[in-house]
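Got a minute to go through some labels and where they come from? Have a look at this one first.

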Amino acid sequence: VQLQASGGGLVQAGGSLRLSCAASGSIFSINRMGWYRQAPGKQRELVATITSGGSTNYADSVKGRFTISRDNAKNTVYLQMNSLKPEDTSVYYCNAFLVSGSSYNSVTYWGQGTQVTVSS
């Protein structure tokens with residue numbers, strides 16, 4: 001199983017970016033997908049998660065500015081980021097808690113990370 005993230009980049013404060021992350025490989029089902037971020041010298045933190053049924057959870061720092069969504073048919077999760085602030089600058093990692101199609105075990109996978117830089 002692989003998670004391929006894309007969509008990061010450099011944007012000015014107040015701007016928007018959309019991240020995408022597609023899961024591929026031997027997948028039976030995906031329960032929860034999400035985004036986390038890690039700034040230099042800091043711990044990785046939750047940004048947002050979404051279940052297969054569409055229930056969402058957001059960090060307080062991004063509520064009202066970021067929106068997580070997913071396309072279950074494409075095994076893809078998106079993160080629409082609006083009103084970006086310099087403090088949103090981080091490497092963003094996608095995450096999937098899924099059932100493997102080969103072993104039928106529940107496993108957590110991480111994408112490779114995509115850099116988001118917000119200039120002031």
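Here are a few quick questions and answers on a predicted model.

Q: Why is Thr49 called buried or exposed?
A: Thr49 comes out at 10% relative accessibility, and buried means under 20%, so Thr49 counts as buried. Its place is in strand E5, residues 45-51.

Q: What does Thr49 touch, leaving out residues up to four places away in sequence?
A: Its contacts include Arg32, Met33, Tyr36, Asn57 and Ile68.

Q: What makes the contact of Arg37 and Glu45 a salt bridge?
A: The cut-off is a side-chain nitrogen of Lys or Arg within 4 Å of a carboxyl oxygen of Asp or Glu. Arg37 and Glu45 meet at 2.7 Å, N to O, so the pair fits the definition.

Q: Which class do Arg37 and Glu45 fall into, buried, partly exposed or exposed?
A: Arg37 has 5% relative accessibility, so Arg37 counts as buried. Glu45 is at 37%, so Glu45 counts as partly exposed, since that class runs between 20% and 50%.

Q: How do you know that Arg37 and Asp88 form a salt bridge?
A: Their side chains meet at 3.0 Å, N to O, and the limit is 4 Å, so the label applies.

Q: What makes Arg65 and Asp88 a salt bridge?
A: The closest N and O atoms are 2.8 Å apart, so the pair passes the 4 Å test. Arg65 and Asp88 are both buried.

Q: Which residues are linked in a network of salt bridges?
A: Arg37, Glu45, Arg65 and Asp88 are linked that way.

How values were computed
Residues numbered from 1 in each chain as written. Predicted model: local features only at pLDDT ≥ 70, side-chain atom pairs only at ≥ 80, totals over all residues. Heavy atoms only, no water. Helix = DSSP H or I, 4+ residues; strand = E, 2+ residues; numbered from the N terminus. Buried < 20%, exposed > 50% of the residue type's maximum accessible area, 1.4 Å probe, protein only. Contact = heavy atoms within 4.5 Å.
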